[in-house]
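User: I am new to this structure and would like a close look at one part of it. Please start with a single residue and then work outward.

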Amino acid sequence: MRINEDLTKPVIVHSAKLDWVPSPSAGVDRRMLYRIGGEVARATSIVRYAPGSAFPRHVHSGGEEILVLEGTFQDEHGDYPAGCYFRNPPGTSHVPAAKDGCTIFVRLWQYREGDDMQIVRQPGEGEAAPLREGADAARVLFDDGEERVSIERWRAGTTVTVENHRGLEFLVLTGSLTVGSEQLGPQSWGRLPQGERFEALTGPAGAEIWVKDALLQHPDVLQMPA
């Protein structure tokens with residue numbers, strides 16, 4: 001399966017308009033944003049857990065990066081409410097579940113060799129970051145020099161520009177944006193190749209946005225099994 005696999009082209013996906021695709025685990029469905037591969041895939045997805053659903057224990061051979069969007073995601077290590085961000089590096093394992101249901105944003109098999117930092121950021125945690133023009137809040141969730149992941153809140157009716165020296169990926173969390181001719185709402189996702197500036201006009205309620213500043217694929221990205 002190949003979805004939005006050309007990393008040289010900008011892409012915007014209005015994920016809230018996509019159909020849910022069942023996963024192999026009952027009650028767990030996906031909206032696929034980027035994918036190369038079958039059940040084992042280099043992938044970016046929105047995943048929905050129905051109340052009481054769970055996924056069998058599995059090892060993250062290629063690493064896993066998650067932002068909880070709605071509800072509370074759970075595993076044997078604890079509860080992760082909406083707004084929680086965490087990274088499970090290659091070799092970690094867990095049994096994910098959601099007693100009351102949840103929706104998460106997930107990136108799989110996009111780790112590079114040597115990226116072994118496991119972190120959990122609870123809602124509101126992260127280092128305060130300098131504010132770009134048009135922003136009134138920003139915090140860094142992760143920055144190791146190769147990747148910088150942040151959440152920013154942008155004021156209403158403001159044009160915001162994000163320079164793009166490595167590559168950008170973003171997800172609208174709340175509010176709305178206009179990017180070119182595209183109207184983006186919650187869970188709209190986009191990806192821009194290196195050098196393509198991100199310029200957006202916020203709507204009447206402003207916007208909160210998750211942003212990853214990094215190469216769209218690291219040259220030493222972990223290789224999936226044949």
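Does Cys 102 count as buried or exposed?

Analyst: A word on the source first: this is a predicted model. Cys 102 counts as buried, because its relative accessibility is 4% and the cut-off for buried is under 20%.

Next, the sulfur of Cys 102. Its closest cysteine sulfur belongs to Cys 84. The two sulfurs are 11 Å apart, which is too far for a bond. A disulfide needs the pair within 2.5 Å, so Cys 102 and Cys 84, at 11 Å, do not make one.

Now take Cys 84 itself. Cys 84 is buried too, with a relative accessible area of 0%. What does a search of the whole structure find in the way of disulfides? The count is zero. Cys 84 fits that result: it is in no disulfide, and the nearest cysteine sulfur is that of Cys 102, 11 Å away.

From the cysteines, move on to the strands. Strand E19 covers residues 168–179 and pairs with E22, residues 198–214. Nine bridges join E19 and E22, and the sense is antiparallel. One residue pair to find here is Leu 171 with its bridge partner in E22, Trp 210.

E19 also runs antiparallel to E21, residues 188–192. Four bridges join E19 and E21. Look for Glu 169: its bridge partner in E21 is Arg 191.

Then there is E20, residues 182–184. E19 and E20 pair over three bridges, again in the antiparallel sense. Thr 178 stands opposite Gln 183 in E20. What do E19 and E20 form? They form a hairpin, with two residues between the strands. Gly 180 sits in that turn and has a positive phi of about 60°.

One last stop is Arg 2. Arg 2 lies in strand E1, residues 2–3. Here the accessibility contrasts with that of the buried Cys 102: Arg 2 is exposed, because its relative accessible area is 56% and exposed means over 50%. Leaving aside residues up to four places away in sequence, Arg 2 touches Arg 35 and Ile 36. Tyr 34 can be placed by distance: the C-alpha atoms of Arg 2 and Tyr 34 are 7.6 Å apart. In sequence, Arg 2 and Tyr 34 are 32 residues apart.

Back to the start, then. Cys 102 is buried at 4%, Cys 84 is buried at 0%, and the whole structure has zero disulfides.

Definitions and conventions. Residues numbered from 1 in each chain as written. Predicted model: local features only at pLDDT ≥ 70, side-chain atom pairs only at ≥ 80, totals over all residues. Heavy atoms only, no water. Buried < 20%, exposed > 50% of the residue type's maximum accessible area, 1.4 Å probe, protein only. Pairing = 2+ DSSP bridges. Contact = heavy atoms within 4.5 Å.
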